[in-house]
Structures are given as C-alpha cells and as structure tokens.
Amino acid sequence: MSKTPIHDGHRERLRARFQAEGLDNFTEFQVLELLLFYCIPRQDTNELAHALIDQFGSLPQVLETGTKELMTVKGIGQNTATFLNLIPAVARYYGVERSKREEKPLLTINDCGEYLRQRFKGQSNETVYLLCLDAKCKPLCCPKIGEGSVNSAGVPIRRVVEAALGANATSAILAHNHPSGLALPSHEDVVTTRRVAAALDAVEVRLADHIVMADNDFTSMLQSGYYRPDECVLRY
C-alpha cells in the first residue's frame, strides 16, 4: 500500500489559495514554496524556501542567482536550479513579446524607458541593447549588443552599426543597465555614447538617446545633459 505524502494536503490548500486570490497576500517564502512544488514532488518545500531566502536574501535574489550557486543549498539539484533560473527569463520573454504586439510609436523618453525596461528584468549582468526605430518612432527591433560582468559591458561599435543598418533604422536608442548600482551614467558611459553617436551619424542614423537602467529607475542621458548630439556629429 502506498503512503500518502505528508504535505499533500498543505500543497493543495496553497494551490487553491493561489487560484482563489492570486499572490497578493502571499509572503515571498510562500511564493517560492509554491514554485518549488512543481519541481520537487515529495519534500517539504517550505523548509527549502526558507533556506534559499535565508542564504540569498530575498525571492528576487534567489531567482537571479546562477545555477551553480543555487546548487550549494542542500536539497537543490540541477533540475530545480534550472527551473528557478527559468522563471525570470520567461517573465522577461513574456514582457518583450507582449510589448511587440502593441506596436505603438515611442514618442517620449518615458515611452522608450518603459519599452526597454522589459529587456532588463532579471538581468544580473550589465547588458546593452540597441532599440532601432523607424521614421515614425515605431520599434523595428531591439537586439542585444553586448553583455559583461556586473560592473561593465562591452559595446562593439561595428555590431551597433550593423544592427541599425540591418533594421533600416532612422534613429536608435542605446540602453544598458547597472545591476548593482544607480541609474547614474559614468564617465565611461559618456565616452561610449559619443563613439556610438559618431559611428551611427556616419551611416545617417541618429542616436536619439542613451538610457541607463537600474532596478525600476532609469536615466535619459539626453534629458539629463550627459549626451549632447551636436557634439557627436561628424564634421566634413
């Protein structure tokens, strides 16, 4: 005779609660516990959820921690670690695909910031995107240009130019994140912006802005005065 798992009743109650009221009144431990139900069938996931959050600090930090580091927690195997890593990746993919379907012109800096924010959800490394726009400011594409460590990311100028030309863009917006800092442009950001603007100007594509993201905040380098397009135009 098979034994009924000790936590079956608890699991069903937590699932039913989620279906009835969503996650609004859940603690982050309960959210993580619920997620773990789907990759750990017969174990007290409440205890494991507490162990993960105690070690890494919060639910977002757990989901943004790499597979190898997650596997240092007793009870977390490769399958579970991969599942947890998949959650922010799927959320980011969903947000990007949903924004594509809207196909609205991005007429303000805030419009651009909100559009780009989806790309950076769950990104633990500094990452660079190029938002390519047509003459009516509608998004054409937004490819990843570079990715680096937590503190830096390379911006290959050739890749920027190829992406803009390949999309037949009229203008473009460079965007990158500061995962462990503030949305405050660095001196290196200013220098990179000027180089990118000059390279794009040479192929008749306007760099409209460079946006720096950090958590839920972003800074427009154009609006804040860090980027002055007239200073980056090539003189013939």
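**Side-chain contacts and local backbone features**

Glu 21 is partly exposed, with a relative accessible area of 37%. In this predicted model, the side chain of Glu 21 meets that of Arg 17 in a salt bridge, with a nitrogen-to-oxygen distance of 3.1 Å. The two residues stand four positions apart in helix H1, which spans residues 8–21, and are therefore separated by about one helical turn. Arg 17 is likewise assigned to the partly exposed class, at 26% relative accessibility. A further contact involves the same arginine: Arg 17 lies over the face of Phe 26, at 4.3 Å from the ring centre. Arg 17 thus takes part in a salt bridge with Glu 21 and also sits over the ring of Phe 26.

The salt bridge in helix H1 belongs to a set of five in the structure. Another of these joins Arg 117 and Glu 114, whose side chains approach to 2.5 Å between nitrogen and oxygen. Both residues are located in helix H7 (residues 109–120), where a spacing of three residues corresponds to about one turn of the helix. The partners fall into separate accessibility classes: Arg 117 is buried, with a relative accessible area of 15%, whereas Glu 114 is partly exposed at 37%.

A salt bridge is also formed between Glu 162 and Arg 158, the closest N and O atoms being 3.0 Å apart. These residues belong to helix H8 (residues 157–166) and, because they are four residues apart, are separated by about one helical turn. In this pair the arginine is exposed, Arg 158 having a relative accessible area of 65%, while Glu 162, at 46% relative accessibility, counts as partly exposed.

With regard to aromatic contacts, the structure holds one aromatic pair. It is formed by Phe 120 and Tyr 129 in an edge-to-face arrangement, with 5.2 Å from centre to centre and 90° between the planes. Both members are buried: the relative accessible area is 9% for Phe 120 and 7% for Tyr 129.

A nonpolar patch on the surface is made up of Leu 182, Leu 184 and Tyr 226, which together present about 320 Å² of accessible area. Of these residues, Leu 184 is placed in the loop that connects strand E4 (171–177) with helix H9 (187–201).

No disulfides are present; the count is zero. For Cys 137, the closest cysteine sulfur is that of Cys 112, at 7.3 Å, which is too far for a bond. Cys 137 is partly exposed, with a relative accessible area of 23%. The sulfur of Cys 142 has its closest cysteine counterpart in Cys 141, and the separation of 7.4 Å again rules out a bond because it is too far. Unlike Cys 137, which is partly exposed, Cys 142 counts as buried, at 12% relative accessibility.

Two pairs of residues distant in sequence were examined by their C-alpha separations. Ala 199, a residue of helix H9, is 42 residues from Ile 157 in sequence, yet the two C-alpha atoms are 7.2 Å apart in space. Ala 199 is classed as buried, at 19% relative accessibility. Ala 202 is found in the loop between H9 and strand E5 (206–214). Its C-alpha atom lies 9.3 Å from that of Val 161, across a sequence separation of 41 residues. At 43% relative accessibility, Ala 202 is partly exposed, in contrast to the buried Ala 199.

The backbone was also examined for unusual torsion angles. Most residues other than glycine have a negative phi. Asn 168, although not a glycine, adopts a positive phi of about 55°. This asparagine lies in the loop between H8 and E4 and is exposed, with a relative accessible area of 65%. Glu 204 is likewise not a glycine and has a positive phi, here of about 65°. The loop between H9 and E5 contains Glu 204, and this glutamate is exposed, with a relative accessible area of 72%. The loop that holds Glu 204 is also the location of Ala 202. Both residues with the positive phi values described here thus lie in loops and count as exposed.

Technical notes:
Residues numbered from 1 in each chain as written. Predicted model: local features only at pLDDT ≥ 70, side-chain atom pairs only at ≥ 80, totals over all residues. Heavy atoms only, no water. Phe/Tyr/Trp six-rings, centres within 6.5 Å; stacked < 30°, edge-to-face > 60°. Buried < 20%, exposed > 50% of the residue type's maximum accessible area, 1.4 Å probe, protein only. Lys NZ or Arg CZ within 6 Å of the ring centre and 35° of its normal. Patch = residues over 30% accessible without salt bridge, like charges linked within 9 Å, V, L, I, M, F, W, Y side chains within 5 Å. Areas by Shrake-Rupley, 256 points an atom, 1.4 Å probe, with all protein chains shown as cover. Salt bridge = Lys/Arg side-chain N within 4 Å of Asp/Glu carboxyl O. Disulfide = S-S within 2.5 Å.
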